[in-house]
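I opened this notebook to keep track of what I looked up, one entry at a time. The structure I worked from is shown below.

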Amino acid sequence: MTRIEVHLVENRLIVWKVEEGRRLFRMGFYGKPLGVPKPKDASFDAPLMLDLIEGLYLLERGVIRVVMPDGSEVDVEELRERARRLYERFDMKYLVYKDLRDRGLVATPGIKYGCDFAVYRKGPGIDHAPYIVHVRSREEALEAPDVVRSGRLATTVRKTFITAIPDLEKGTVTYVGFRWWRP
């Protein structure tokens, strides 16, 4: 399969060719079509914008090739360095994103839920995200107000709140889920 050409414009990755964007979206709900708030399928008629985390994942797998405005190609390490400058704790977040995707789940930015990722079993528009994921290091204290806040948020949006704790040295992730229980 031919790699999909993606253009790096400042800190955005854009698939200008609509049919290529549709193909990428169909592969696993990658990206967001410009001007389409909640795409339910790949019938959109707009360029596709990818998050740098998604882009790195797809570049590592040889699905895309990233091109600068001058036509030069961006390699995996250069894209990773850009993402590190843009995202706080990028390596931790990327390890979690990669682990979720490798498990067959669809992870999208979770900013509207106040967390790092919204995670779907099938994909946006097909099912609701049953999980919201917050990435934190093993060294960060998990205090009672954090647990209460997480539980209340998850209950309000009817999702399981999951804390993901990546181990960068081992390349593994531990997940701890919080759900309210009523007897």
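**Entry 1, strand 10.** I began with the way the side chains point, and I found that Thr160, Ile162, Ala164 and Pro166 point one way from strand 10, while Phe161, Thr163, Ile165 and Asp167 point the other way, and that all of them are buried. I noted that this is a predicted model. For the strand as a whole, residues 160–167, I recorded that 8 of its 8 residues are buried, which fits the description "mostly covered".

**Entry 2, the neighbours of strand 10.** Which strands does strand 10 pair with, and in which direction do they run? I found that strand 9, residues 131–135, runs parallel to strand 10 and is joined to it by 5 bridges, whereas strand 11, residues 172–178, runs antiparallel to strand 10 and is joined to it by 7 bridges. As a reminder to myself, I wrote that strands of a sheet pair through backbone hydrogen bonds, in either a parallel or an antiparallel way. I then looked up single pairs, and saw that histidine 134 has threonine 163 in strand 10 as its bridge partner, and that aspartate 167 has threonine 172 in strand 11 as its bridge partner. Strand 10 and strand 11 form a hairpin with 4 residues between the strands, and there glycine 171 takes a positive phi near 70 degrees.

**Entry 3, positive phi outside glycine.** I wrote down first that most residues other than glycine have a negative phi. I then looked up phenylalanine 29, which is not a glycine and yet has a positive phi near 60 degrees, and I located it in the loop between helix 1 (18–26) and strand 3. Is phenylalanine 29 buried or exposed? Its relative accessibility is 13%, and since the cut-off for buried is under 20%, phenylalanine 29 counts as buried. Arginine 89 also has a positive phi, of about 55 degrees, although it is not a glycine, and it is found in the loop between helix 3 (76–86) and helix 4 (90–102). At 29% relative accessibility, arginine 89 counts as partly exposed.

**Entry 4, the open sheet.** I turned to an open sheet of 6 strands, whose order is 3-4-2-1-5-6 and whose pairing is mixed. Strand 3 (32–33) and strand 6 (73–74) stand at its edges, and because each has a single partner strand, one side of each is left without a neighbour in the sheet. Strand 3 runs antiparallel to strand 4, residues 48–50, and 2 bridges join them; in this pair, proline 33 stands opposite leucine 48. Helix 2, residues 52–60, packs on the sheet and touches strand 1 (4–9), strand 2 (12–15), strand 4, strand 5 (64–67) and strand 6, and its direction makes about 120 degrees with that of strand 5.

**Entry 5, glycine 21.** I placed glycine 21 in helix 1, and I noted that it counts as buried, at 0% relative accessibility. Leaving out residues up to four places away in sequence, glycine 21 touches Val15, Phe44 and Leu48. I also looked up its separation from proline 33, and found 12 residues in sequence and 7.9 Å in space, C-alpha to C-alpha.

**Entry 6, the chain as a whole.** I finished with the totals, and listed 5 helices and 11 strands for the protein chain. Of its 183 residues, 47% count as buried, and the chain exposes about 10,600 Å², of which carbon and sulfur atoms supply 52%.

How values were computed. Residues are numbered from 1 along each chain as its sequence is written. This is a predicted model: local features need pLDDT of at least 70, side-chain atom pairs count only at pLDDT 80 or more; totals for chains, interfaces and linings use all residues. Side-chain values use heavy atoms; hydrogens and water are left out. Buried means under 20% relative accessible area, exposed over 50%, partly exposed in between (1.4 Å probe, protein chains only). Accessible areas come from the Shrake-Rupley method with a 1.4 Å probe; for residues, only the protein chains shown count as cover. Two strands pair if DSSP finds at least two bridges between them. Contact means heavy atoms within 4.5 Å. Axes are lines fitted to C-alpha atoms, for helices over the stretch in contact, and angles run from 0 to 180 degrees between N-to-C directions.
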